Amino acid sequence: MWSVLWAAVRSKAPYVTFPVAFVVGLVGYHLERLLRGDPPPAAEDERSISEQREERTLREIAGKDLTKVVSLKDKLEFAPRAVLNRNRPEKS
């Protein structure tokens, strides 16, 4: 009897698995909702992450003078000399 049942379940596995998974998921969903309660309503004045990031960036640069930047000449001095002058005996 069991072998016939297992043979039928094995041959009809896709037709048996989906309804079982659906019922288990449905029960789990409703059980979790019952235990946690209803989700809180979303506040309408919440801003998206990108809007928050833009506002934070604007606040950070509001007090800075954007015309004073480090020159490229100063930036190049920080490059390691050993790498740049490795094959130049006249420069090292």
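**Exercise 1. Classify E55 and R47 by accessibility, then state how their side chains meet.**

Step 1. E55 has 35% relative accessibility and therefore counts as partly exposed; the classes are buried (under 20% relative accessible area), exposed (over 50%) and partly exposed in between, with a 1.4 Å probe and protein chains only.

Step 2. R47, at 39% relative accessibility, is partly exposed too.

Step 3. The two side chains form a salt bridge, with 3.4 Å from N to O. A salt bridge here is a side-chain nitrogen of Lys or Arg within 4 Å of a carboxyl oxygen of Asp or Glu.

Step 4. A search of the whole structure gives two salt bridges; the other pair comes up in Exercise 3.

The model is predicted: local features need pLDDT of at least 70, side-chain atom pairs count only at pLDDT 80 or more, and totals for chains, interfaces and linings use all residues. Residues are numbered from 1 along each chain as its sequence is written, and side-chain values use heavy atoms, leaving out hydrogens and water.

**Exercise 2. Describe the fold and the confidence of the prediction.**

Step 1. Count the elements: there are five helices and zero strands, taken as DSSP runs (helices H or I, at least four residues; strands E, at least two) numbered from the N terminus. The order along the sequence is α-α-α-α-α.

Step 2. Check the confidence: the mean pLDDT is 80, and 76% of the residues reach 70 or more. pLDDT is the predictor's confidence in each residue, from 0 to 100. By element, the highest mean belongs to α2 (91) and the lowest to α5, residues 81-84 (62).

Step 3. Look at burial: of the 92 residues, 1% are buried. The protein exposes about 9,500 Å², of which carbon and sulfur atoms supply 62%; the areas come from the Shrake-Rupley method with a 1.4 Å probe, and for residues only the protein chains shown count as cover.

**Exercise 3. Follow helix α2 to its end.**

Step 1. The 24 residues of α2 reach 34 Å from first C-alpha to last, close to the 34 Å expected at 1.5 Å a residue; the expected span is 1.5 Å times one less than the number of residues.

Step 2. Within α2, R36 and E32 are four residues apart, about one turn. An α-helix has 3.6 residues a turn, so residues three or four places apart point the same way.

Step 3. R36 and E32 form a salt bridge, their closest N and O atoms lying 3.5 Å apart. R36 is exposed at 69% relative accessible area, while E32 is partly exposed at 43%.

Step 4. R33, also in α2, is partly exposed at 36%. Leaving aside residues up to four places away in sequence, R33 touches D38 and P39, where contact means heavy atoms within 4.5 Å.

Step 5. Just after α2, G37 has a positive phi of about 90°.

**Exercise 4. Find the nonpolar surface patch and the elements behind it.**

Step 1. The patch consists of W2, L5, W6, V9, Y15, V16, V20 and V24, with about 870 Å² of accessible area together. Helices α1 (2-11) and α2 (13-36) each give two or more residues to the patch.

Step 2. Patch residues have over 30% relative accessible area and no salt bridge; like charges are joined within 9 Å, nonpolar side chains (Val, Leu, Ile, Met, Phe, Trp, Tyr) within 5 Å.

Step 3. Take Y15 as a case: this residue lies in α2 and, at 63% relative accessibility, counts as exposed.
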